[in-house]
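Biologist: Can you put the model up? I'd like to go through the helix packing and the chain contacts.

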8 protein chains.
Amino acid sequence: MADEAFANLDHDRARRTGLPEVIFCQGKTADQVVEIVGRMWQREGRVLATRASEEIAQAVLRAFPDVRYHAPARILALGAAPPPGEDAPYVAIATAGTGDIPVAEEAALTLEFLGHRVQRIYDVGVAGIHRLMERKDVLCRARVVIAVAGMEGALPSVIGGLVACPVVAVPTSIGYGASFGGLAALLAMLNSCAPGVAVVNIDNGFGAAVLAHKIVRGSD
Amino acid sequence: MADEAFANLDHDRARRTGLPEVIFCQGKTADQVVEIVGRMWQREGRVLATRASEEIAQAVLRAFPDVRYHAPARILALGAAPPPGEDAPYVAIATAGTGDIPVAEEAALTLEFLGHRVQRIYDVGVAGIHRLMERKDVLCRARVVIAVAGMEGALPSVIGGLVACPVVAVPTSIGYGASFGGLAALLAMLNSCAPGVAVVNIDNGFGAAVLAHKIVRGSD
Amino acid sequence: MADEAFANLDHDRARRTGLPEVIFCQGKTADQVVEIVGRMWQREGRVLATRASEEIAQAVLRAFPDVRYHAPARILALGAAPPPGEDAPYVAIATAGTGDIPVAEEAALTLEFLGHRVQRIYDVGVAGIHRLMERKDVLCRARVVIAVAGMEGALPSVIGGLVACPVVAVPTSIGYGASFGGLAALLAMLNSCAPGVAVVNIDNGFGAAVLAHKIVRGSD
Amino acid sequence: MADEAFANLDHDRARRTGLPEVIFCQGKTADQVVEIVGRMWQREGRVLATRASEEIAQAVLRAFPDVRYHAPARILALGAAPPPGEDAPYVAIATAGTGDIPVAEEAALTLEFLGHRVQRIYDVGVAGIHRLMERKDVLCRARVVIAVAGMEGALPSVIGGLVACPVVAVPTSIGYGASFGGLAALLAMLNSCAPGVAVVNIDNGFGAAVLAHKIVRGSD
Amino acid sequence: MADEAFANLDHDRARRTGLPEVIFCQGKTADQVVEIVGRMWQREGRVLATRASEEIAQAVLRAFPDVRYHAPARILALGAAPPPGEDAPYVAIATAGTGDIPVAEEAALTLEFLGHRVQRIYDVGVAGIHRLMERKDVLCRARVVIAVAGMEGALPSVIGGLVACPVVAVPTSIGYGASFGGLAALLAMLNSCAPGVAVVNIDNGFGAAVLAHKIVRGSD
Amino acid sequence: MADEAFANLDHDRARRTGLPEVIFCQGKTADQVVEIVGRMWQREGRVLATRASEEIAQAVLRAFPDVRYHAPARILALGAAPPPGEDAPYVAIATAGTGDIPVAEEAALTLEFLGHRVQRIYDVGVAGIHRLMERKDVLCRARVVIAVAGMEGALPSVIGGLVACPVVAVPTSIGYGASFGGLAALLAMLNSCAPGVAVVNIDNGFGAAVLAHKIVRGSD
Amino acid sequence: MADEAFANLDHDRARRTGLPEVIFCQGKTADQVVEIVGRMWQREGRVLATRASEEIAQAVLRAFPDVRYHAPARILALGAAPPPGEDAPYVAIATAGTGDIPVAEEAALTLEFLGHRVQRIYDVGVAGIHRLMERKDVLCRARVVIAVAGMEGALPSVIGGLVACPVVAVPTSIGYGASFGGLAALLAMLNSCAPGVAVVNIDNGFGAAVLAHKIVRGSD
Amino acid sequence: MADEAFANLDHDRARRTGLPEVIFCQGKTADQVVEIVGRMWQREGRVLATRASEEIAQAVLRAFPDVRYHAPARILALGAAPPPGEDAPYVAIATAGTGDIPVAEEAALTLEFLGHRVQRIYDVGVAGIHRLMERKDVLCRARVVIAVAGMEGALPSVIGGLVACPVVAVPTSIGYGASFGGLAALLAMLNSCAPGVAVVNIDNGFGAAVLAHKIVRGSD
């Protein structure tokens, strides 16, 4: 199969949706990813790749030594948007636990790649509600809050009752037994008693970041 | 079938488990329930029946006019333990919403039938966390807290982080769509990040009350 | 139980989250709803109630003849925000089929109650993709698009590839057999290949509207 | 156990169903597969084996060096039907993404083994609908379209609304989280709003090819 | 809402996909169905409506007395294609049990409406395999076989091993307990050991008919 | 449709499988059932029909006044095998609760219709294990034990550890919430730690009886 | 923990249930299994262990060189009952495919260990029904038939309609995608239209053998 | 990320909930766990860590040689509460099988770390009910019973009918096939016919211990 046949790049996407095309590495070989990174780098001048395994990352790093790789978040970046001003609106990213951080970092690094300011508020799960309350001010001044949680997935409901801005809920697969790979957190978030919580797929930090990006950009 | 054949009453149960036998009405005819109420009333001097439909309640009321029936909680009581003293230890029962109250009342009325003091704290769901915080003192002084919630089922996690006593979590079928009849709340409670939360079946206010009864009695 | 005990109104919510409290009727009696409508009308000057059955609607209409009731959407409104200007930013609401309209109307009427301009684009499912393409302009100029679909739930993915603004996906329970009450559409939307789609619960037009409201308001 | 006991070859099948027997390797040892390949090669003069692991492929290659092995599609072929004419009717095979290609190739190679002409249209997922529209002509002139997609599985619905020929939908396990191993795509395809979409099992490129073969052959 | 707004008829569909638009009644009011029937009758000269409840059927019959209604199959037809010749190719429709007949009739009546010849082979489930074997000739001469079965859904696997033509499998919701509304039959059909079985949604006789129609038409 | 077309009676079944054909009423109209009862009565001299609704039973009773109908078990019988001798081997049928009795009676009446002796042991659930132990002798002398239980479905495991004969486990849909219509009991029985427990479908008293009949008959 | 504490052998079981205790190796360490084998060998003179991994088997073989190990069936045996006579009643074991043989062998070897005669009928799946029909005589003369099948699990239904003796159905995890680890076959077997099929857990060849043993022994 | 950022220790928790903070190792790196152990050891003088893999345990042991590691239970402890008196109230921990012991030990070691007396009653599953009955006295004198079981999960129901104290049920993932990773046991326990059984997550020995600790402490 000719190289150009396996990936049908949509170079028009940035113009159409305001978002550059991003490489989803799962199900692709290392060679395929290296090839696509090359094509996008030439054409767009910046590249983001998600769900990049250690093996894929090594292959890309050999070809493009300037690539930045964040192993727990499995994210690869080459180039980026210009950094935001110090008082630019920011996206707050909160996690319930330490184990949720890789998913939160996938969101944070995507947002920073797209030129946004990010505030990290990690390990503020609802079983110690005062830890969350101490950060209420940072949450309330955000333009969007991304709430990342596994287990019972209650964090977005509590935050949704505190802040006026949109809340994006990311269930994670942290948990065991009856968490069923993040299903428990996902269902909880879909059933949030705080109205207007936006839910994305399990462990989908990237999708949460894109949604936040679209919300913030529309408000500039 | 002879009357005595269909129900195999376990009169020894009170001595053995400290709990009188209780009639679970689902799947029984009105005639069967009336018959069993009569036998238990003669022998035990107090009767409790749960999941009693309107039709069953009317049949029992015709035979035993002193029966008390609470329609939303579908519970029937005849006689009761002597009431507790004013400073007896109490069980706090909290609900996330108004729709969870029938299940909470099934628990409350069972506990009162068994001679316990109950404090009701209703409609304090986590999307308005300050409503819960205002009742923190009542929660913290309880011997057991029963937390009743549908939808995302987050209430027990937050309470479990506030109080030192055991928390009994009751998922309810309040919700729609991806709540799947209470499954979302059930899974959330089983995955609570607050350790040591006891979970019972969906809508099982009675089971929560019996568990609380056993905990309180062991502590006297 | 005293009237004031069953509902713990959160009058501070509007100030805190920018959204007036709304009555979720499921699991409440008609008397309870009438009572809460009265309290909110006195205090807030506008009232919205969702999931209102025919029976509840009749009870409220007897007490408050000015209430507007939309039966398929099961929504009750009394008062509203002032209407938006003709060139205010708008929310586009698209449905895949005719059967999805009640859920779309729950969203549309909620948004209009909150003072937003709405554009309805109904019956543009993906099996006749040209119907959607003919409305591409209206979609692309929206501040937010709410995409409502049952069955295979593909509409948000296609719209998400066309527009730059945030897309809120609402799965509906329209379908049969392996749609499992909207589960098929819900899973499809969570797995959208268009990044940044926000998903809410099955049939949750109200939640989609609140999310859109928060996004639009942040951008004013 | 004697060699002849473990596999009960159905040599009459080709005559009865128009399809030679094919070896499903999963759950068989390498030795068993080599043995069956030998028997079928002797008797039929062509052999196809699916779900062949790397280890099985190596064992067969040692015994039959002429075997062709396609690793991502896990398919082994020895001999084939004569190639089709240049203007024979063809089967179009479309994939939503790059990750779906191995399943598509299982279908394509099976069809080519059976003597059919195949047109590959890869990476035309619905989030960039114009990529699909550009290939509309190739799709519309096909005798059958096989649409292969993971994630939300929307591709068959869109194609089903464009073409007049039968559409065979193959869900794949590409995705994560709430894709539940391809369940999301499977349910979406079963609920397609485009009537008359034929669905096969998750990742079952072989089954889709056999179905297409039966449809095309009946139309000659 | 203006009448013309709720349904976005796709009059071009017949030309594009070879299939006239058909009304799916579920989720539509009787008034809406009557209105759409009228518009389609004027424009197309024949109308088919599926999932029509008794109430909808009565409303349509009052407006269009020539409509034919088949209550168990819930199907409404007005006009039809010209009848097929006596030796036209036919579609065989087999059911496992008597309870599966309404779904089979939805398929049969749709095919006859579209101008096809149909052979009905009912109540030939696999627990009495000789009943199926006695009809083997009729099955083997069909251009397509539609196999309709609830419970364990084994019929398509057995037929798929007997005939050379495509087999369309329709799971039905006949069964109880662990049939889970047709899920058992659906999963069985998707996992058929007879390769090349096409599966449609539970109880989707209409979809099976459309698929058969496309297959037969392509072979003329 | 001609009367003879809708049901394909398998009069040879009794000879082949030792079991007369039985009418499964679900999904059949009252007229169809009456017609089939008539044909079987003429030919076989005894008739059994299961899952017969009140409405069907009334229709059959009007046509065949000698029919015996057991409403909770929804079973109809006309004629029967000759009664067994007093010391014939027997099948013991145990239930966990009172609510399981209708399913147990479906089994008991089927066995009696087929000429077997039955011992009923009702309401001996495992939470009062001494009630079961008191009947240990009757259980241990049975040729087969049928154990009927809803809720946690533990009864077959305990009995399976007490007796040497085969145990047939019947899960029932008695329960609520996380019993999911009998799924909890079904899964428990399939996972019994007592080896050699035979499981049938939820609420399938008839199937259990047929299995017991085949076991007992083989041992005569 | 003292050696004797971790396993509470039930030496009385053989007398009580007619079945010697058998070691279920899953979840036990190799040392624990060796220890238990030793104790049982001393006391009972024969030992059977199931679900024995390669590692456990090697450890046991080092301690007891006479042990027989069947790797695909993961079964270990030491000693056995005396072999049956040539015309003893037999159990027929049928499989749908080659991949189901390890589960069938777990059943066959268990039965032979217990002193039964076994007839193996392998690879006779329903997509080539004539292969099954050719073995009809062996099936019909069996005292019990064990039918082992993955994928759509249809084999027990077809056999159940052919033979008069009890049929024990064993679903296997052979399959992929929507087989969900054997769930599809399990549900199919529970919903068999052939009445009186006994179902055991997925891949539970041992359980099927014990059930067959109890049935045959009761009939001697 | 600075060390102090990734874990937001809640040092106030012991005062607030009577339970020291415990490290949940899943999703944390070895370095993170070592760091947190150090901080907690300094501040609290005792440390407990659960779900600690072999790799994490080795890293902690290198830094803190006094740590005690129990590999099957995956639990790490450093320091402990003073040991209880010989006649302190105790918690009885029962398991159904040998494979359930690691989960039981997670509970037992946690309780001993917290200063409680524990009685272990292992391998007393319900298929040999007399083994359980022989230990009835130890069970009946306990302050709490923790019942640990996989497979059909029946143990808590039987114990719940024997004792007057609270029963905490822990489902385990021991089993295969239709145990679905412990789901069968979980559902059984939630549906226990013995009222007042407290259920925790699958394999959650730690949670059961914390619940027992809270119950016992409240009763001192």
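**Helix contacts and chain pairs**

Modeller: Here, Ala30(E), Val33(E), Val34(E) and Val37(E) of α2(E) touch Glu55(E), Ile56(E), Ala59(E), Val60(E) and Ala63(E) of α3(E). By class, the residues of this contact are eight nonpolar, no polar and one charged. Keep in mind that this is a predicted model.

Biologist: At what angle do α2 and α3 of chain E pack, and how far apart are their axes?

Modeller: The angle is about 40°, and the axes are 9 Å apart. Helix α2 covers residues 30–44 of chain E, and helix α3 covers residues 54–63 of chain E.

Biologist: So what do you call that, oblique or roughly parallel?

Modeller: Angles under 35 degrees count as roughly parallel, and α2(E) and α3(E) are therefore oblique to each other.

Biologist: Left-handed or right-handed crossing for α2(E) and α3(E)?

Modeller: α2(E) passes α3(E) in a right-handed crossing.

Biologist: Moving to chain G. How do α4 and α9 cross?

Modeller: Helix α4 (residues 101–113) of chain G and helix α9 (residues 205–218) of chain G cross at roughly 40°, and their axes come within 7 Å. α4(G) and α9(G) are therefore oblique to each other. The crossing of α4(G) past α9(G) is right-handed.

Biologist: Which residues make the contact between α4(G) and α9(G)?

Modeller: On α4(G) they are Val103(G), Glu106(G), Ala107(G), Thr110(G) and Leu111(G). On α9(G) they are Gly205(G), Phe206(G), Ala209(G), Ala212(G) and His213(G).

Biologist: How many of the residues in the α4(G) and α9(G) contact are nonpolar, polar and charged?

Modeller: Six are nonpolar, three polar and one charged.

Biologist: Now the chains. How many residues of E and D are in contact, and how much area do they bury?

Modeller: 32 residues of chain E are in contact with 32 residues of chain D. Between them, chain E and chain D bury about 2500 Å², with 56% of it on carbon and sulfur atoms.

Biologist: Which residues of chain E lose the most area to chain D?

Modeller: Leu190(E), Pro195(E) and Lys214(E), which together account for 23% of what that side buries.

Biologist: What turn and shift lay chain E on chain D?

Modeller: A turn of 180° and a shift of 0.0 Å along the axis, with an RMSD of 0.0 Å. That is the relation of a two-fold axis. 100% of the interface residues of chain E are also interface residues in chain D, so these copies meet through the same surface.

Biologist: And B with A? How many residues are in contact there?

Modeller: 23 residues of chain B contact 23 residues of chain A. The area buried between chain B and chain A is about 1900 Å², and carbon and sulfur atoms give 72% of that. In chain B, Ala127(B), Glu152(B) and Asn191(B) lose the most area to chain A, together 31% of what that side buries.

Biologist: What turn lays B on A, and which C-alpha of chain B is nearest the axis?

Modeller: Chain B can be laid on chain A by a turn of 180° and a shift of 0.0 Å along the axis, with an RMSD of 0.0 Å. In chain B, the C-alpha of Ala154(B) is nearest the axis, 2.7 Å from it. The same surface serves both copies, with 100% of the contact residues of chain B recurring in chain A.

Biologist: Last one. How far apart are the closest C-alpha atoms of chains C and F, and of chains A and G?

Modeller: For chain C and chain F they lie 15 Å apart, and no contact joins the two chains. For chain A and chain G they also lie 15 Å apart, again with no contact.

Conventions
Residues numbered from 1 in each chain as written. Chains lettered and ligands numbered in written order. Predicted model: local features only at pLDDT ≥ 70, side-chain atom pairs only at ≥ 80, totals over all residues. Heavy atoms only, no water. Axes fitted to C-alpha atoms, helices over the stretch in contact; angles between N-to-C directions. Helix = DSSP H or I, 4+ residues; strand = E, 2+ residues; numbered from the N terminus. Parallel < 35°, antiparallel > 145°, perpendicular 65-115°, else oblique. Left-handed = near helix turned anticlockwise from the far one by under 90°. Contact = heavy atoms within 4.5 Å. Nonpolar A, V, L, I, M, F, W, Y, C, P; charged D, E, K, R; others polar. Least-squares fit on C-alpha atoms with pLDDT ≥ 70 in both. Buried area = accessible area lost by both parts, 1.4 Å probe.
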